[in-house]
Amino acid sequence: MSADGVSEAAIDAIMRIMDAAFDPQWGEAWNRSQVTSALILSHTHASLLGLDGTLPADPADAVGFAIVRAAPGEEEILLIAVEPAARRRGVGRALIAMLAANARLRGAERLFLEMRENNPARSLYESNGFAPIGRRKNYYRLGDGARMDAITFGLDLTGK
């Protein structure tokens, strides 16, 4: 086992999915050291999902993953990805539902994420109840030196 009880096989799956899912032009992917270092922290958790929307028996069968950081009363999705071939098949929706349920179990009242303003996953987040709550101007630096805003989204987990 590795950090946070996450096996090396699970970290391998995270890296494989991230390599397939994240376009290198945006520079959003983490390296293995960053993933492992994040998961050493007791308040950071990783989740894997298979094509059927459930935890796969073998991490090699995972097609989606998320890494979240918990703080008192809230959680933040640090990374979330689904393999391109598995997109639009309910995996992302199942992953978000699982993250929200787990966050509630840990006492979170809100779930947050941040994304670049042109991220095509925005429609997935909004259809799952996330709403934009903030903007960081010129947060992302692109390969050509241009800058792009980041949008912060929040999801109320209290049912209010």
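**Two pockets and a helix**

The biggest contributor to the lining of the largest pocket is β3, with seven residues. Strands like this one are DSSP runs of E at least two residues long, helices are runs of H or I of at least four, and both are numbered from the N terminus. Before you wander further, note that the model is predicted, that local features need pLDDT of at least 70 and side-chain atom pairs 80 or more, while totals for chains, interfaces and linings use all residues. Residues count from 1 along each chain as its sequence is written, and side-chain values use heavy atoms, with hydrogens and water left out.

Now back to that largest pocket (an open set of 1 Å grid points where a 1.4 Å probe fits, with protein on both sides within 12 Å along at least five of seven lines; lining residues have an atom within 4 Å of a point). It holds about 1100 Å³ of space, the volume filled by probe spheres set on the points. Its lining has 37 residues, and if you want to find the middle, look for F22, I80, N119, A121 and Y125, which lie nearest the centre. Besides β3 (74–82), the elements α3 (91–105), β4 (110–116), α4 (122–127) and β5 (131–141) each give at least two residues to this lining. Sorted by class, the lining has 20 nonpolar, six polar and eleven charged residues.

The second largest pocket holds about 150 Å³. V6, A10, I14, A46, S47, L48, L55, P56, P59 and M98 form its lining. Two elements, α1 (8–21) and β1 (44–50), supply two or more of these residues, and β1 gives the most, three. Here nine lining residues are nonpolar, one is polar and none is charged.

Stay with β1 for a moment, since T44 sits in that strand. T44 counts as buried because its relative accessibility is 2%, and the cut-off for buried is under 20%. A polar atom of the T44 side chain lies 3.4 Å from the backbone oxygen of A38.

Finally, follow α3. Its 15 residues span 21 Å from first C-alpha to last, close to the 21 Å expected at 1.5 Å a residue, counting one less than the number of residues. Which residues of α3 are buried? They are V91, G92, L95, I96, L99, A100 and A103. These buried residues pack against β1, β2 (62–71), β3, β4, α4 and β6 (147–156), with contact meaning heavy atoms within 4.5 Å. After α3 comes G107, which has a positive phi near 90°.

Key: Nonpolar A, V, L, I, M, F, W, Y, C, P; charged D, E, K, R; others polar. Buried < 20%, exposed > 50% of the residue type's maximum accessible area, 1.4 Å probe, protein only. Polar contact = N/O pair within 3.5 Å; in protein donor to acceptor, adjacent residues only side chain to side chain.
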